Amino acid sequence: MNDEQVGFNLDDLRKLCKSYIDYTRTYMDRKQVRRINKQRSTLDNFVFQFSSEVVDFSSQYGSDISISYTASNVTGRPSKFPNYGDFPQSYVMRSYGPWRDLAPSRKCPIMPQNAGRIRSEDYIILSFEIPVVPLVISIFETFTPGSVVRISGKVVDLPDTMAWRLLWEGLPQNCNGLRHSRLFAPKLNYIKELVKEICIEFNHSQLDYYTELDAVSMGGILKYPESGELDIISIPMVTHTSLGYVYDNNEEQDQEILSDIRVPSMASNIPMSTSLDPFLKLIKNIEELENEWRKEPDVDYTLRLPNESLMQIFSYLDLKSLRLCMRVCKRFNNICTDGYFYRELNLKPYWCSFSYSMLISLEPYCNQMTKLDLSWCGITKGILSTAFNLFIKKCGTNLTHLRLDCCGFVNDTTLIAINLFCKYIKELSLRSCTSIDFELICPPQKFPEMERIDFYRTNITTDCLHFYITCMPKLKHINLGSCKRIDCMDHIAYTLSSSNKQLVSVDFWKSYTLSQTGLRFLTALKQLEEIDLGWCLGLSIPGDSLLDLVKSCPKLKKIIVVSLRGVSDRDLLAFADYCPLLEQIDLVGLRAITVDACSKFLQKCKNLKLMDVNFCENIKEGDVQVWRLKYPNVCIQFTTSDHSNVYHY
């Protein structure tokens with residue numbers, strides 16, 4: 001049946017009916033708004049508060065023994081907002097842009113299809129003094145805004161595995177043209193439960209520099225109305241005044257918004273009906289006509305596909321979709337339960353509901369599992385270390401990659417279980433696992449296949465780390481950033497140079513006990529491609545150790561020497577002369593390097609992609625502009641030290 005047989009154009013009629021319905025609903029909504037406006041609450045029970053405590057976080061630019069750039073700075077009232085710039089009193093995370101994924105230390109993705117459209121890289125969990133039904137959450141961004149991608153609220157008096165509610169999510173924003181602070185207050189999904197803690201997730205891929213947060217506030221009501229309807233048309237927004245930050249109900253603005261509601265002029269010529277049923281029925285009849293017109297034989301084409309083809313199709317599905325396919329039919333169930341689909345598991349996106357039961361439900365299919373990512377899954381406290389250890393015993397025999405970042409259930413018994421049952425482990429990530437008492441499991445068993453290990457922000461000691469390093473003869477990547485209990489990093493550097501000569505990357509970020517002596521030991525690492533010496537203040541004294549290192553490591557592609565005041569023009573030019581493959585260099589805060597040395601460096605480094613000269617006192621705005629024109633393929637980061645001007649690539 002076609003349009004000629006029906007006698008009119010189906011699409012035009014459907015559009016006409018829907019237009020009438022939209023006009024009628026607009027008229028009805030306007031009346032409804034006026035009715036609610038008369039009954040609106042005076043917001044006597046509205047509470048506005050700033051975060052009072054940091055419950056947990058994934059990373060920070062600062063260290064646990066300092067206050068600069070640490071997570072604790074985001075609590076309380078704003079100290080710098082609305083000023084824009086780089087401030088040590090703010091909260092800063094460890095990465096920005098695509099550079100981490102372009103470095104030699106980059107990690108391989110695990111089950112990437114499970115990450116979803118919005119991928120989170122960092123998080124912070126904040127607590128507030130008074131539980132409220134959240135109506136507005138404001139994030140005070142003082143530098144390079146745009147990385148917030150998700151906000152969740154934890155309902156009080158519920159088990160952690162069932163307590164988290166999604167309040168907002170969105171793609172990371174490219175705000176690189178924004179040169180002023182931003183108060184980010186997205187429209188929330190309204191819930192009826194009281195919330196005391198919120199989790200903010202970040203994705204830094206669109207940023208051209210580190211994002212900085214000054215404060216986070218939450219406004220809400222103490223009790224949801226018994227009527228079940230929230231009699232609030234607009235949420236009062238935060239206002240910056242000389243007396244501080246207050247919420248302003250701004251009723252006049254609300255009335256202006258209401259006055260802007262207009263019914264289209266052509267609607268006045270259409271009689272207003274009290275019922276839309278005839279038109280809805282007409283649209284249904286039109287759809288039935290279209291279905292009859294386009295009706296085809298009922299054929300299940302999947303029956304004609306071999307199992308191998310279906311397995312290839314299903315391999316692109318995320319875990320939730322795969323589990324749903326199991327319910328379609330017996331054939332799909334048999335295919336979707338094949339261990340082939342569970343060789344790699346990434347449960348990080350499901351951290352908010354992760355529990356022991358979720359892990360047990362997957363256990364029958366994990367006999368071939370080789371890679372497992374449970375990062376952040378300890379937030380909900382839904383599993384104990386003993387239960388996880390049993391899972392490792394049953395399903396960890398073939399594991400080669402295990403990521404347990406920020407998992408509070410990981411303790412010394414977990415590492416013992418990994419030692420015993422994961423004989424082929426190649427990667428172990430323990431970032432921010434602060435519950436491990438390494439001294440209880442020292443010395444550990446050997447990890448003959450280990451290639452990557454991450455101890456960032458753990459409590460590992462010098463003696464324990466020495467044993468671990470000597471037990472990993474194939475180690476290529478190690479992260480020792482912010483390990484505050486290592487009292488002699490020089491000893492660790494010596495152990496690495498003697499036991500792990502094939503090392504590719506090493507991270508000493510904020511290792512205050514690394515000295516010139518330790519750096520000289522690293523000259524034995526001829527395969528080194530990446531080294532992070534940021535804030536290793538023991539290296540600030542001028543010397544030849546850094547020069548000796550770059551002479552001995554010609555494969556270096558990434559070097560971070562943030563705030564090493566002893567680095568001079570001689571060292572910078574040595575990087576260019578002896579490291580022809582260099583791609584990324586971070587020179588933040590170096591006072592001794594000059595414009596001439598930087599110009600020669602840029603001219604010699606043909607593969608350079610990133611150079612950060614922020615807060616280098618001898619570098620001026622005009623110099624950077626000339627470099628950017630001359631070397632358009634190099635991202636040159638620059639900020640003046642007085643915070644008055646910000647320039648980015």
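This report looks at aromatic pairs and at lysines over rings in a predicted model.

## Aromatic pairs

The count here comes to 24 aromatic pairs. Take Phe81 and Phe140: their rings sit edge-to-face, at 4.9 Å centre to centre and with 90° between the planes. Phe81 is in the loop between strand E2 (53–57) and strand E3 (91–92), while Phe140 belongs to strand E4 (residues 122–143), so this contact ties together parts of the chain 59 residues apart in sequence. Both Phe81 and Phe140 are buried.

Next up is Phe143 with Tyr209. The ring centres are 6.2 Å apart and the planes meet at 80°; edge-to-face starts over 60 degrees, so that's the label this pair gets. Phe143 is in strand E4, and Tyr209 is in the loop between strand E8 (195–202) and strand E9 (212–221), which makes this a link between distant parts of the chain, 66 residues apart.

How buried are these two? Phe143 has 0% relative accessibility and counts as buried. Tyr209 comes in at 4% relative accessible area, so with the buried cut-off at under 20%, Tyr209 is buried too.

## One aromatic cluster

Phe143 and Tyr209 also turn up together in an aromatic cluster. The other members are Tyr61, Tyr69, Tyr84, Tyr96, Tyr210 and Trp509.

## Lysines over tryptophans

There are also lysines sitting over ring faces. Lys348 lies over the face of Trp376, 4.4 Å from the ring centre. Over the face of Trp535 you'll find Lys510, at 4.3 Å from the ring centre.

Notes. Residues are numbered from 1 along each chain as its sequence is written. This is a predicted model: local features need pLDDT of at least 70, side-chain atom pairs count only at pLDDT 80 or more; totals for chains, interfaces and linings use all residues. Side-chain values use heavy atoms; hydrogens and water are left out. Rings of Phe, Tyr and Trp (its six-membered ring) pair if their centres lie within 6.5 Å; planes under 30 degrees apart count as stacked, over 60 as edge-to-face and the rest as tilted. Helices (H or I, at least four residues) and strands (E, at least two) are DSSP runs, numbered from the N terminus. Buried means under 20% relative accessible area, exposed over 50%, partly exposed in between (1.4 Å probe, protein chains only). A charge sits over a ring if NZ of Lys or CZ of Arg is within 6 Å of the ring centre and within 35 degrees of the ring normal.
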